[in-house]
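Here is a quick tour of one protein model for someone who works at the bench. Have a look at the fold first, then read on.

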Amino acid sequence: METPAAQPPSASSTATVYPRWVLLGQSYGAVGDDDSTAAAKTSAAARASTGHLVHVSLHLAPPPEESCICVRTSCPDSFFRAYVVTAHGDSMLIRISYEHGYGDEGDYFVYNAGAAAADPPRPPLLLLLPPYYVPRKQLDLYSSGPGDVVQHDLDDNSTGLLRRGEDELVVAQLMVVANKDTPRQKVAELLLLRSGKWSTRRPLISHGDGKAGEPLPSSWATTTTVAVGDRLLCWADSSRGLLLCDVYDDDPVLRYVPLPVEAAEPLHGDRSSRNVCVTAGGAVKFINVFPRCCCGGAGSSNCRHSHRAYTINTWTLRMDDMVWVMDGMVDSTELWVQDAYEEHVPRVQLDDPIVSLDDPNIIYFVMCECYHVKRGDMTEWLVVVDMRSKTLLSVLRYPEGRHHFRGSPPISIGISDYFNSYPTCNNGTSSKRKRDTDMEPPLVPNIKQKLTHNDRNPPLMQSSWMPSMKPMEASTKVLASHEETILATLEETPGLALEDMLKAYSLLSHDRNGRRFRSLLGLQMNLRKAWLLMEIKASEACSICSACTADLQHA
């Protein structure tokens, strides 16, 4: 987790140092003047289409606290609201709308953080985007606004922003429209802003088998849009899959990637229980939180052994062949027994996951009892989980006066680092290291080429992997020592190779609190091999993990 940033040695004692990245809430946090030095350094202004002056500044705080935009306008006698539509790199897309007698109208602005570390430094900028108009009759509107055309409103879920270099910017919305020839058939349409001009495209869809022109997945509904590297936008339907597109291509193609087999429909729980995020290294990560039953199946249950229980799974998309690889699995019972989970904290499912930009294994969640229990407590909590070590890092009350909108997770973005005269390290101290946006870009696949289809690759685990809460069978041996019990359990695991058995024995015997072994015993016999291999893989990748190192030192 982030700690307050330390100032660079050469900076003055009054210099403000910002966190390396922030969790940016999508609604504005304050209206009015903010005279603080931090706000002044982030402030930018521009004229709205009405001619009124609009000021935007940022309230920036290290995670897990949410940051927000602060907006004020000179428009008199008019109610307005502002929110962040999307963001990428050093920029964010903001909508500011005004209410009038005949309805609601607004403007879209791009806020750019500039670069305090540049020579000379570049101040923040606020740019008004040109509007895009469509015929009023095309939208079947009932409002009585003037004119035959109306400004198009960009959908929050299906609009993405992509920044490249110092001056390249693309805004793109994926729309689902009726086919002119066959109105009942829905097709994909891209609305693109490139080089300051709006245009529309009808991209072909590829399912990875080398064929273009495949149909749009039925009932497609975009739930989130994220930027991958500096060329790709990714539209995600949380119950179906992803559509990836190189939006700089003159002839764009949408590459369809289905969700992992284990997360396919039916969707158990609300859409807020899953999310698609991009890590600091440019990897696409899918997080799924779903209720489970003690019998090992997905879905909520009133059984006393699994009441309100859930499991968190994470996958990372392998970009070279577009295959999902499971890399994390934590059960709610593993979190509830930890000291950080105090008695007054409700035991309900976590919502709105978002990946840390410090460590892709750290996930931030929002939790509220009223989301899942009728007339439940309305207190909102911020929960931070390390998926690799299966550790509950913190459980904090939501800041007083701030509220979370379920289904709208904050945006993890490194925009705050652009205000530092020196880019910051992970612990907040000053450094000359490169920012995330300056690092080598991730592998960008040619989505027009033939790629291996996801269905041809067997999943790491089947959908019935869910841990069983049943007690161990009576035939389990009672042995003299904990190590002998571990060895006997591993010998009973079907299909486990000798080398993997020894690795698992070393891992489990050095697990000081025995949490891993208890998790193994809770699994059905046919699921234990897959779980053990995943734990071995995670442990081998964790050569400098402090939790593992501490266990070995105390062994």
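What follows covers the overall make-up, two sheets, a core with a pair of helices, and one residue.

**Overall make-up**

This is a predicted model, where local features need pLDDT of at least 70 and side-chain atom pairs count only at pLDDT 80 or more, while totals for chains, interfaces and linings use all residues. Residues are numbered from 1 along each chain as its sequence is written, and side-chain values use heavy atoms, with hydrogens and water left out.

The protein chain has eight helices and 28 strands; these are DSSP runs numbered from the N terminus, with helices (H or I) of at least four residues and strands (E) of at least two. Of its 555 residues, 51% are buried. Here buried means under 20% relative accessible area, exposed means over 50%, and partly exposed lies in between, using a 1.4 Å probe and protein chains only. Take the contacts (heavy atoms within 4.5 Å) between residues at least 6 apart in sequence: 54% of them join residues at least 24 apart.

**Two open sheets**

Strands of a sheet pair through backbone hydrogen bonds, either parallel or antiparallel. For two strands to count as paired, DSSP has to find at least two bridges between them. Here are two sheets side by side.

| Strand order | Pairing | Edge strands |
|---|---|---|
| β20-β21-β22-β23, four strands | antiparallel | β20 (274–278) and β23 (323–331) |
| β24-β25-β26-β27, four strands | antiparallel | β24 (351–355) and β27 (391–397) |

In the sheet that starts with β20, the edge strands β20 and β23 each have a single partner, so one side of each is left without a neighbour in the sheet. The twist averages 20° from one strand to the next, with axes being lines fitted to C-alpha atoms (for helices, over the stretch in contact) and angles running from 0 to 180 degrees between N-to-C directions. Strand β22 (residues 310–318) is joined to β23 by eight bridges, and Trp 315 has Met 326 of β23 as its bridge partner.

In the sheet that starts with β24, neighbouring strands are turned by 20° against each other on average, direction ignored. Seven bridges link the antiparallel strands β25 (residues 362–368) and β26 (residues 380–386). There, Ile 363 is matched with Val 385 in β26.

**The core and two helices**

The largest nonpolar core holds 35 residues, and those with the most contacts inside it include Leu 317, Trp 324, Leu 490 and Leu 532. Such a core is a set of buried Ala, Val, Leu, Ile, Met, Phe, Trp, Tyr and Cys residues joined through side-chain atoms within 4.5 Å. Helix α7 (residues 528–540) supplies the largest share of this core, four residues.

Beyond its neighbours within four places in sequence, Leu 532 touches residues including Leu 490, Ala 504 and Leu 508. Leu 532 is also one of the α7 residues that meet α5, where Asp 500, Lys 503, Ala 504, Leu 507 and Leu 508 take part. The axes of α5 (residues 498–509) and α7 come within 10 Å and cross at roughly 70°.

**A residue in β1**

Leu 23 sits in strand β1 (residues 22–30). Is Leu 23 buried or exposed? Leu 23 is buried, with a relative accessible area of 2%. Pro 410 is 387 residues from Leu 23 in sequence, yet their C-alpha atoms are 5.5 Å apart in space. Leaving aside neighbours within four places in sequence, Leu 23 is in contact with residues including Pro 63, Ile 354, Tyr 364 and Pro 410.
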